[in-house]
Amino acid sequence: MRILLVEDDRRVAAALSSALTRRGYEVEHAATVAAALCAAPCDLVLLDLTLPDGDGTDLCRELRRRSSHLGIIAVTARGEERDRVLGLRLGADDYVVKPFSMVELQARIEAVLRRATNAAPERHLIEAGSVHIDVPARTVTVDGRAVTLTRKEFDVLLSLARQPGVAVPRDRILLDAWGTTWADRHTVEVHVGSLRGKLGDARLVETVRGVGYRLRDA
């Protein structure tokens, strides 16, 4: 999961980037409005509202205009009620006032990412090589053969199938299938092992060392 951290205080940015990276996120830092607008696509933005080249509220409005599904959390020292209300009205999904704990920020990140995932339009049918998934029916076939999966096995497969051929981090799988990144990562390994057995070809779900797993797309 990619997070864009928009923060002009480099010491704060360094500490936050380090803490988020340890939790499995890929972090890009932007110290200005201009840099944020040129940043690569991401899943969530942590946005300071006080920036050297513009107001973060204007940036929030522009980011929301570009994407209705992007997660945005205002992380700022502005704690007045009017600032909170303005930030939320301009498109922020949540508002965190400095100082805060990483435990609180982690919980808020997970909540916003869950809402963003649920709000994104889901394809009804997904095909990745020989694997065919009927999402509403929650059924899976491999080369025309029906495969019976548990609820969590299906959720793990769906997390991978949304981006076939792309390495999906373990934390993303945890968030999609269990609704949190605090669960034991060994849980993902166990379910992937079971999933490989039921799909009938262990090579369909590839391990990407240091990252997570990838559903083969050919």
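# Asking the model why

Q: What makes up the accessible surface of the protein, and how much comes from carbon and sulfur atoms?
A: The accessible surface of this predicted model comes to about 10800 Å², and 51% of that belongs to carbon and sulfur atoms. Along its principal axes, the C-alpha trace spans about 55 × 30 × 30 Å, and the protein has eight helices and 14 strands.

Q: How many of the residues in the protein are buried?
A: Of the 218 residues, 44% are buried. To be counted there, a residue needs under 20% relative accessible area.

Q: What makes glutamate 28 and arginine 2 a salt bridge?
A: The cut-off is a side-chain nitrogen of Lys or Arg within 4 Å of a carboxyl oxygen of Asp or Glu. In this pair the closest N and O atoms are 2.9 Å apart, so the pair qualifies. Glutamate 28 sits in strand β2 (residues 26–30) and arginine 2 in strand β1 (residues 2–6), so the salt bridge ties together parts that are 26 residues apart in sequence. Arg2 and Glu28 also belong to a network of salt bridges that includes Glu26. The structure holds 17 salt bridges.

Q: Why is glutamate 28 called partly exposed?
A: Partly exposed covers the range between the buried limit, under 20%, and the exposed limit, over 50%. Glutamate 28 has 26% relative accessibility, so it falls in that range. Arginine 2, at 21%, counts as partly exposed too.

Q: How do you know that glutamate 7 and lysine 98 form a salt bridge?
A: Their closest N and O atoms are 2.7 Å apart, and the limit is 4 Å, so the pair passes. Glutamate 7 lies in the loop between β1 and α1 (10–22) and lysine 98 in the loop between β7 and α5 (102–119), so parts that are 91 residues apart in sequence are tied together.

Q: Which of glutamate 7 and lysine 98 is buried, and which is partly exposed?
A: Glutamate 7 has a relative accessible area of 3%, so it is buried. Lysine 98 has 25%, so it is partly exposed.

Q: What makes aspartate 48 and lysine 98 a salt bridge?
A: The N to O distance is 3.8 Å, and the criterion is within 4 Å, so this pair counts as well. Aspartate 48 is in the loop between β3 and β4 (50–51) and lysine 98 in the loop between β7 and α5, so the pair joins parts that are 50 residues apart in sequence. Aspartate 48 is buried, at 5% relative accessibility.

Q: Why does lysine 152 have no salt bridge?
A: The nearest side chain of opposite charge is aspartate 155, at 4.4 Å. A salt bridge needs a distance within 4 Å, so this pair does not count. Lysine 152 is nevertheless buried. Not counting residues up to four places away in sequence, lysine 152 touches Ala177, Trp178 and His191.

Q: What makes helix α6, home of lysine 152, mostly covered?
A: Helix α6 (residues 151–161) has 11 residues, and 10 of them are buried. Among them are Lys152, Phe154, Asp155 and Leu158.

Q: How do you know that strand β6 is covered on both faces?
A: Gly71, Ile73 and Val75 on one side are buried, as are Ile72, Ala74 and Thr76 on the other. That fits the count for β6 (residues 71–76), where six of its six residues are buried.

Q: Why are β3 and β6 said to pair?
A: Pairing takes at least two bridges, and strand β3 (residues 44–47) and β6 have four, so they pair. The sense is parallel, with leucine 47 partnered by alanine 74 in β6. β6 also pairs with strand β7 (residues 94–97) in the parallel sense over four bridges; there isoleucine 73 has aspartate 94 as its partner.

Q: What makes β10 a partner of both β9 and β11?
A: The minimum is two bridges; β9 (residues 131–134) and β10 have four, and β10 and β11 (residues 145–147) have three, so both pairs count. Each pair is antiparallel. Valine 131 stands opposite valine 142 in β10, while valine 140 has valine 147 in β11 as its bridge partner. β9 and β10 form a hairpin with four residues between them, and β10 and β11 form one with two residues between them. In strand β10 (residues 139–142), Val140 and Val142 make up the covered face, and Thr139 and Thr141 the uncovered one.

Methods: Residues are numbered from 1 along each chain as its sequence is written. This is a predicted model: local features need pLDDT of at least 70, side-chain atom pairs count only at pLDDT 80 or more; totals for chains, interfaces and linings use all residues. Side-chain values use heavy atoms; hydrogens and water are left out. Buried means under 20% relative accessible area, exposed over 50%, partly exposed in between (1.4 Å probe, protein chains only). Accessible areas come from the Shrake-Rupley method with a 1.4 Å probe; for residues, only the protein chains shown count as cover. Lys and Arg count as positive and Asp and Glu as negative; His and the chain ends are not counted. Contact means heavy atoms within 4.5 Å.
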